[in-house]
Amino acid sequence: MSTWIDVCDKDEIDEEDVIRFDHAGKSYAVYRSPEDSFHATDGHCTHENVHLADGLVMDDIIECPKHNGRFNYKTGQAKGAPVCVNLKTYAVKVDGGRVFIQVG
Amino acid sequence: MGDKGMVIVGAGEAGVRAAFALRERGYQGTVTLIGDEPHLPYERPPLSKGSEEAGTVRAIVASERFAEAGITFLRGQRAISLDLARHALRLEAGEILSYERLLLATGAAPRRFPGLATSDRIHVLRTVEDASAIRRHMREDGRVAILGGGFIGLELAAMGRKLGTAVTLFEAQPRVLMRGVPEKLALALQARHAAEGVELLCGVGIETIADGESGVTIGFADGRRIEVDAVVVGIGAQPNTRLAAEAGLAIDNGIAVDRHLATSDPHIFAAGDCCSFPVTAYGGRRVRLESWRNAQEQGSVAAANMLGEAASFDAVPWFWSDQYDLTLQVAGLSDGATSTVGRTLSPEAEILFHLDAEGRLLAASGLGPGGAVARDIRLAEMLIARGTRADPAALADPSVKLKSLL
Ligand SMILES: Cc1cc2nc3c(=O)[nH]c(=O)nc-3n(C[C@H](O)[C@H](O)[C@H](O)COP(=O)(O)OP(=O)(O)OC[C@H]3O[C@@H](n4cnc5c(N)ncnc54)[C@H](O)[C@@H]3O)c2cc1C
Ligand code: FES
């Protein structure tokens, strides 16, 4: 069963930035793109167990803080060495100024 | 290109990256990757780190990827000689391979302590075999001496403490990490090691090392002696240049390459720890780096140029080290800096920016828990690459986003 989970106020995420969001024992990374769209992926890199929220967002790309592995955070696609496994992505909606992600 | 194909010597970070990059660029001929270790290519950084999966080996790529990409991986095979005129490489087993283009990605080998042979108790660290031999001494009742306060020595000291081993670390210089790390951050790391119980002896001369039946005795210049179960020598590495040197390729603190990573023979390229190259972001000064990302990036650029492109290698040097929960990251080269600006991100996380006389950012070094310094170091790297003159006040103020300076 999938549910929409309230993450935060829209303005708590800067444009072209990312925050960490933990829910029910899982950790997510929630992004706001330069075009003001919102996205969510698994929180941890697929190379080592490192949280992506300390990483750098540039355009559609999140760069892992540990070894600079790159993913497209809109599609989850791994963009090459050292990361080769894609990130899982989650649906996101903005409702009444709040950001929700769909999990489960 | 002809049908002789591409041959790569050395199946480490640089060689593996190059092999796959050839395919990613659409090359259809044969790609042969030769590695003298008996394993699938693996990552070296975890070997010295006390990370959660201590003892497990992390492959650079999944084994099935070689077949999928049509890369012939000759495992456990050593290249022993190179004939430049015939474009031929001879393997130890006798086989001779012809190449259209050759990449030397032979890496580096640990420097030995003069007059001290390795044994069950005396180790260096480069390979997975070295790492497991060292781990056997990292027991709760164990006592290990580390010679050399470089990255590998310090990371091993942290691993030892995590496993409950008594660790004594010797550094001949007055402090650890004399090369490439600012004093302030090196001293912060030293303080952390001391707090974790590492016995840190800097500026200490070692007179004798006696490898005995039941332990190793280290004698100091001042007459003191200590007894340990094992010694790890971590005093740097030297580039594996023999194959290149014997073939007559130019050597200069590594296999000398130009900014396209071509050696003195235009059919032969070199990448990674084995080569020295002109670092374009710093006026073309020749350097040799021992860094994981550098090896990968050079592998990709070398692959492009093996296929006839003229890509210039101009990445800003970058590396990291993990000790306890702390990560050190350094971007750029600080030699020639005339001033330093600090940015305090939290009580435990700090970045030092190194500027030249014109106010251009040359390097940034950060130390902090987990990923605390990563984003700013990455942005600093971009500022360095652009030759940005950065306002010291903005660099010092953690509320100014470095992204806004790009
Ligand atoms: C313990 C350890 C920890 C490290 N930690 C970090 C870190 O935290 N951060 C960082 O930035 N860097 C780190 N590094 C450095 C990084 O791992 C190296 O820079 C990187 O591995 C270099 O890759 P390479 O492909 O140039 O060489 P290598 O990885 O050494 O690969 C070269 C390969 O070629 C083989 N070879 C050599 N000669 C021949 C021949 N004639 N025929 C066939 N095969 C041959 C070698 O056996 C080896 O397998 C660490 C290194 C070590 C050893
Ligand atoms: S942990 Fe993310 S790239 Fe290595």
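Which residue lies over the face of A:Phe100? In this predicted model, that residue is A:Lys93, placed at 5.6 Å from the ring centre. A comparable arrangement of charge and ring occurs in chain B, where B:Arg224 lies over the face of B:Phe220. Here the distance from the ring centre is 5.0 Å.

Rings also pair with one another. Over all chains, 10 aromatic pairs were found. One of these joins B:Phe20 and B:Phe66, whose ring centres are 5.5 Å apart. The planes of the two rings make an angle of 55°, and the pair is classed as tilted. B:Phe20 belongs to helix H1 of chain B, which covers residues 13-24, whereas B:Phe66 belongs to helix H2 of chain B, which covers residues 64-68. The two positions are 46 residues apart in sequence, so the contact between the rings ties together separate parts of the chain. Both B:Phe20 and B:Phe66 are buried. In chain A, A:Phe21, A:Tyr28 and A:Tyr90 make up one aromatic cluster.

Helix H1 of chain B appears again in the description of the pockets. The second largest pocket holds about 920 Å³ of space. Its lining consists of 33 residues, and those closest to the pocket centre are A:Lys79, A:Gly80, A:Ala81, B:Arg17 and B:Ser300. Three elements of chain B each give two or more residues to this lining: H1, helix H7 (292-306) and helix H8 (374-385). Of the elements, H1(B) gives the most, with six residues. By residue class, the lining of the second largest pocket contains 14 charged, 13 nonpolar and six polar residues.

The cysteines were examined for disulfides, and the structure holds zero of them over all chains. What is the distance from the sulfur of B:Cys274 to the closest cysteine sulfur? The closest one belongs to B:Cys275 and is 5.3 Å away. A disulfide requires the two sulfur atoms to be within 2.5 Å, and the sulfur of B:Cys274 is therefore too far from that of B:Cys275 for a bond. B:Cys274 is buried, with a relative accessible area of 0%. B:Cys202, in contrast, is partly exposed, and its relative accessible area is 24%.

Conventions:
Residues are numbered from 1 along each chain as its sequence is written. Chains are lettered from A and ligands numbered from 1 in the order in which they are written. This is a predicted model: local features need pLDDT of at least 70, side-chain atom pairs count only at pLDDT 80 or more; totals for chains, interfaces and linings use all residues. Side-chain values use heavy atoms; hydrogens and water are left out. Rings of Phe, Tyr and Trp (its six-membered ring) pair if their centres lie within 6.5 Å; planes under 30 degrees apart count as stacked, over 60 as edge-to-face and the rest as tilted. Helices (H or I, at least four residues) and strands (E, at least two) are DSSP runs, numbered from the N terminus. Buried means under 20% relative accessible area, exposed over 50%, partly exposed in between (1.4 Å probe, protein chains only). A charge sits over a ring if NZ of Lys or CZ of Arg is within 6 Å of the ring centre and within 35 degrees of the ring normal. On a 1 Å grid over the protein atoms alone, a cavity is a set of points where a 1.4 Å probe fits but cannot get out, and a pocket is an open set with protein on both sides within 12 Å along at least five of seven lines; lining residues have an atom within 4 Å of a point. Grid points are joined across faces, edges and corners, and a volume is the space filled by probe spheres set on the points. Ala, Val, Leu, Ile, Met, Phe, Trp, Tyr, Cys and Pro count as nonpolar, Asp, Glu, Lys and Arg as charged, and the others, Gly among them, as polar.
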